[in-house]
Amino acid sequence: MTPASLLEHLETWYRQGKLRLLDISFARWCSRHDPAPTPELLLVTALVAYLEGRGHSCLDLDSLLLNTLTLGTELEAELAQVLTGLPRTLPVWQNTLYGSPCIRPPSSPVPSPLVLAENRLYLRRYWQYETALSQQIRQRTDPALWSLDALTNALPWLHALFPAHSEIHWQRVACALALRSPFTLITGGPGTGKTYTVARLLTVLLSQSARPEALRIALAAPTGKAAARLTESLQKALRELPSNLPAALDISTLIEQVGPARTLHSLLGQDWTTRQFRHDAAHPLDLDLLIVDEASMVDLKMMVALFDALPPRSRIVLLGDRDQLASVEAGAVLGDLCLHAEAGHYRPETATFLCALGEPPLPENLRDSKGSDLAQCRVMLRHSHRFGTAIGTLALAVNAGDVNSVTRLLKQETHSSLIWKECASPQEVVEVATRPTELSYGRFSRLLQTRPAASADFDAWALLLLQTLDQFRVLCALREGPWGVIELNRSIEQKLRAMGGLQPQGEWYEGRPVIITRNDADLSLANGDIGLTLRSPHPAQGLRVYFPDTARTLRARAPSRLNHVETAFALTVHKSQGSEFEHTCLVLPAPHPIVTRELIYTGITRARQRLTLLCADPNTLEVGLARPTQRTSGLKFES
Ligand SMILES: Nc1ncnc2c1ncn2[C@@H]1O[C@H](COP(=O)(O)OP(=O)(O)OP(=O)(O)O)[C@@H](O)[C@H]1O
């Protein structure tokens, strides 16, 4: 294979839409900056750019050479064909690639656009991100930082906050490990009590502080919606704390001290014109404790920025569900860090520490004398307190890729909380979405027609409408096509109009729900915020879009000022992350690379009480479940 013929392949793939312009441009650029470009160089440069666009932080040469690179597209077969004309051993490729001025080993003092670290080829900035984050995590999980003395005093609090138990109480373990170390990872599915645990952790930390009122605490999440939900559920968990605590606690003061959760962008003070953050290593955040929820949505670059801005002596707790879809941008940090969480990997000193706090002995299969420092700071919560059995069991079976159990569960017709149907037409989705039952847009549409006469009652009505809207959502895997968000939003609008609930005239109309798709600091709106268009009670203002505030008040914005919005009767599963609905209608198209195990799991777990799963094709579930997302990165700590 010659460089020219390889370039020809790349050009063909680009013309066929299998590669992006960016991918081929990068390969061309590298070939111009190499006096003797090789076919290997051309291939890997196009691929590393392509993979970055699909969320991978690097290219794994081993997988490439074994032809096991999972691209989920037609490119897989094309690649296999091209590889037949190239050598297939890693040392030969390493030699060839290090021969190019575009690629250097990590130890090289000479900068290059690409870094090859053993079998992993990185765009330089991703290698820098991974190296920086690994360093931060190693520093923060160093056992030299563990504080053990304070824990004796914390024992009465742990006893009071968590009832006596005979099995390992993972929430209590999480609390204890978070008290011991300045870095803690708590992963668990929906309703496993991540927020419940953090409320207790806050209480114990404050009880152990010499000056609790001086403790600077911040809560953050990747989107506005997730931040609002964290604020709400943490405040609820704090208000529901048991009353038999070792000392009196003023919950209202505590809630005030913690304050509402912010988006990560707002916490770090992003300047929207330069995209730079105000807080970084030179200008660290002013805080002692940071709690970040929905950490699975945080991409590699943002995670690096976050750790960079943390003061060295602060404490950080990351919460999230490692099995959910990762961020759209490159990196799956939480998934990588929690890859081995289920198996514990607790070292003897951690087992002894937990025993001393009154936990039953850890079973053998969770112990590992060689467990990493990270594993000693990580807990997986394993019991969901929220789901009715059907949705929870389905989520577990989906997570395990267990097609037989999934099919069996869906075919049992006894669960009112779980409805599954193969649909011949997207119109069936519209029927579910507009049924005149409590948990669909039917109720929303009726409520919309009961506008109060007195303008003093407007806010209460608008808030009720927003709450009603939030109880139900159609979630799609795709944006385009008959089973995608765009088409379904249009059909639901039309049906609601036919039912008399909406009068869509043009883009903006009363009753149009919208989702913000880009942070807007000027308007104090965050990516993921959902608002509802209504006629203002002040006639001169015409239509306004109303967004709920955490304090249960409304913010109104003129539609003309909202530049990045989409109708939100139907959302993509990606956009729904960080939200939950009493009833979720999950729509899956025919098998498609985007329909992965994580997407199905994330869609299912957005449902609190009821899930309606509508599939356009009998094979979608089986094919999707067999397709777990694999993101290549070097962040995978050993165990
Ligand atoms: N140990 C427990 N005993 C009793 N109830 C619990 C316990 N843990 C959690 N819960 C209850 O389960 C529900 C879910 O808890 P929580 O909101 O903390 O879960 P979560 O993991 O944060 O969920 P999500 O991922 O959806 O945010 C809450 O109503 C909480 O009060």
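Two strands are taken to pair if DSSP finds at least two bridges between them, and helices (H or I, at least four residues) and strands (E, at least two) are DSSP runs, numbered from the N terminus. The structure described in these terms is a predicted model, in which local features need pLDDT of at least 70 and side-chain atom pairs count only at pLDDT 80 or more, while totals for chains, interfaces and linings use all residues. Residues are numbered from 1 along each chain as its sequence is written.

The antiparallel sheet makes a convenient starting point. Here 5 strands form an open sheet in the order β16-β15-β14-β13-β17, with β16 (554-557) and β17 (565-567) as the edge strands, each pairing on one side only. Neighbouring strands of this sheet are turned by 35° against each other on average, direction ignored, where axes are lines fitted to C-alpha atoms, for helices over the stretch in contact, and angles run from 0 to 180 degrees between N-to-C directions. Strand β13 (residues 513-516) is joined to β17 by 3 bridges, and the two run antiparallel; within this part of the structure, Ile516 stands opposite Val565 in β17. Helix α21 (residues 458-469) lies across β13, β14 (530-535), β15 (543-548) and β16, and runs at about 135° to β14, with two residues counted as in contact if their C-beta atoms, placed from the backbone, lie within 7 Å.

A second sheet has parallel pairing, its 5 strands forming an open arrangement in the order β11-β20-β19-β12-β18. Because β11 (418-422) and β18 (570-572) stand at the edges with a single partner strand each, one side of each is left without a neighbour in the sheet. The average turn between neighbouring strands of this sheet is 25°, direction ignored. Strand β12 (residues 472-476) is joined to β18 by 3 bridges in a parallel run, and Cys476 has Thr572 in β18 as its bridge partner.

An unreviewed UniProt entry carries the annotation "domain: UvrD-like helicase C-terminal" for residues 568-613; such positions are given in the numbering used here, feature names are shortened, and annotations may be inferred rather than shown by experiment. Over residues 568-613 the chain is 26% helix and 39% strand, with the end C-alpha atoms 19 Å apart.

On the scale of the whole protein chain, the division is into domain 1 (3-132), domain 2 (144-230 + 267-380) and domain 3 (418-626), with bounds that come from an automatic or database domain assignment. The C-alpha centres of domain 2 and domain 3 lie 32 Å apart, and the contact takes 17 residues from domain 2 and 17 residues from domain 3. On the side of domain 2 that touches domain 3, the largest share, 5 residues, comes from α11.

The ligand, finally, has 14 residues around it, of which Gly193, Lys194, Thr195, Tyr196 and His385 come nearest, a residue being near a molecule if its C-beta atom, placed from the backbone, lies within 6 Å of it. The elements that give two or more residues to this shell are α10 (194-208) and α11 (224-239), and α10 supplies the largest share, 3 residues.
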